[in-house]
Amino acid sequence: MQLAISQSALHLATEQESAASLDEIDAIVRTYRPRLLRFVSFSIGDADLAESIVQDCFLKAYNARESFRGDCSVSTWLFGIANNLIRDHLRTKKFHFWRKVRATAVDVSEMAHSLAGQERSPETMLLQREMARQVTESLENLSVNQRRIFLLRFSEDMSPQEIATLIDMPLNTVKTHLRRALTSVRAQMGQTK
Amino acid sequence: MTTQTSNNRNKLSMSQQTQQKKIQHLTEDDLTNYLIDPASETATELHLAACTDCHAKLDEFRLSMSSFSALSLEWCEQRSITTPLRPAVKLAARSIPTGMPGWSAALAAALLLAIAVPMDLHVKSHQASTQADAGIDQDSDAQIQQDNQLMRAVSLEINRREPSPLVATNEPAQSSSPAAKRRLDVSSE
């Protein structure tokens with residue numbers, strides 16, 4: 001009798017533990033999907049393709065979950081997968097074809113609509129929208145490599161060393177890309193004299 | 001008097017030098033290097049702490065980037081809400097990254113077996129019966145002999161208990177096949 005009770009208690013505990021981990025996993029997807037989408041969207045300049053890549057990223061993460069040993073954060077791990085997927089897409093001819101044909105660039109005015117429900121003054125919203133537009137436009141003039149590295153540094157707040165590890169590139173090369181990208185972006189935004 | 005004047009001149013030139021030093025703002029390269037890796041630019045950091053002009057430049061860029069980051073993230077959050085995940089991703093999302101626990105893998109395997117084994121048995125038995133049906137020749141001599149014996153037995157049984165006018169109607173309908181004809185001959189005997 002006691003054995004039966006302890007067995008049922010163990011079963012309940014296992015179920016609760018599993019449910020907790022599932023909740024956590026859902027939270028991971030909820031937390032990282034927008035950030036991954038931003039990184040991929042502005043790296044490749046195509047929102048629809050970015051959505052597809054992000055979903056592929058979660059599938060790849062699922063398939064490679066055994067290889068995740070906790071050496072890095074989940075964030076770094078997911079961004080690494082997304083980065084590899086971007087690189088793979090860039091290599092395909094199909095990507096270059098659709099890029100020419102569709103050119104579904106990220107629409108800044110569409111981005112501004114998401115602010116409508118927020119509690120911000122019209123002036124603040126206008127200013128934010130203008131600054132975001134400037135950055136978005138200046139990003140379009142960078143190479144995909146420069147964009148990826150720039151976004152990882154200034155949107156994801158990763159250090160140059162972290163970026164170098166993530167994209168498997170020498171630190172000095174990362175810094176060179178960053179220097180060129182930053183100079184170009186600041187010049188286009190009129191922040192250099 | 002002359003000494004005092006020269007002292008004043010010296011003081012003036014020193015303050016001018018100090019002012020010039022202060023006016024020596026950071027170059028674009030300095031700012032760029034600081035933005036790339038603040039930790040390795042301690043001299044720039046010291047200057048920024050004292051120079052409001054250079055700090056304003058830095059703030060200008062940081063404000064632009066924070067606006068872009070906030071706005072683009074909100075946009076992506078909206079898209080994530082409105083764009084559903086593909087079913088395969090939904091399924092995968094329930095198992096990232098801890099992996100499938102042993103008990104759930106076993107449960108999945110058991111369910112699969114529970115569904116697959118009866119289906120397999122059903123298919124096999126169906127195949128066996130079909131093969132058996134196909135293997136027996138309905139019109140073989142042995143089969144006809146067996147049918148005739150059965151018919152005779154039935155006729156005998158009916159005639160013995162209760163002679164009925166319906167016996168005539170029990171005769172099989174006419175058929176074009178030779179086997180059917182032979183059966184007909186036997187029953188009319």
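How many helices and strands make up the secondary structure of chain B?

## Chain B at a glance

This is a predicted model, and in it chain B has eight helices and zero strands. Walk along the sequence and the pattern reads α-α-α-α-α-α-α-α.

Of the 189 residues in chain B, 13% are buried. As for contacts in chain B with a separation of 6 or more, 44% of them are between residues 24 or more positions apart.

## The nonpolar core

Now for the largest nonpolar core, which has 55 residues. The members touching the most others are Leu36(A), Val40(A), Ile53(A), Val54(A), Cys57(A), Leu78(A) and Ala82(A). Helix 2 of chain A (residues 47-63) supplies the largest share of this core, with nine residues.

Leu78(A) is a handy place to look around. Setting aside neighbours within four places in sequence, Leu78(A) is in contact with Tyr32(A), Leu36(A), Cys57(A) and Ala61(A).

## Helix 9 of chain A

Helix 9 of chain A covers residues 171-188, 18 in total, and its first and last C-alpha atoms are 26 Å apart, close to the 26 Å expected at 1.5 Å a residue. Just after helix 9 comes Gly190(A), with a positive phi near 70°.

Which residues of this helix are buried? They are Val174(A), Lys175(A), His177(A), Leu178(A), Ala181(A), Leu182(A), Val185(A) and Arg186(A). Looking down the axis, the buried residues of helix 9 sit within an arc of 160°, so they line one face of the helix. Their packing partners come from both chains: helix 6 (122-140), helix 7 (144-154) and helix 8 (160-167) of chain A, plus helix 2 (28-36) and helix 4 (52-82) of chain B.

Note on methods: Residues are numbered from 1 along each chain as its sequence is written. Chains are lettered from A and ligands numbered from 1 in the order in which they are written. This is a predicted model: local features need pLDDT of at least 70, side-chain atom pairs count only at pLDDT 80 or more; totals for chains, interfaces and linings use all residues. A nonpolar core is a set of buried Ala, Val, Leu, Ile, Met, Phe, Trp, Tyr and Cys residues joined through C-beta atoms within 7 Å. A residue is buried if 20 or more other C-beta atoms lie within 10 Å of its own, exposed if 12 or fewer, and partly exposed in between; C-beta atoms are placed from the backbone. Helices (H or I, at least four residues) and strands (E, at least two) are DSSP runs, numbered from the N terminus. Two residues are in contact if their C-beta atoms, placed from the backbone, lie within 7 Å. The expected span of a helix is 1.5 Å times one less than its number of residues. The arc is that of the directions from the helix axis to the C-beta atoms.
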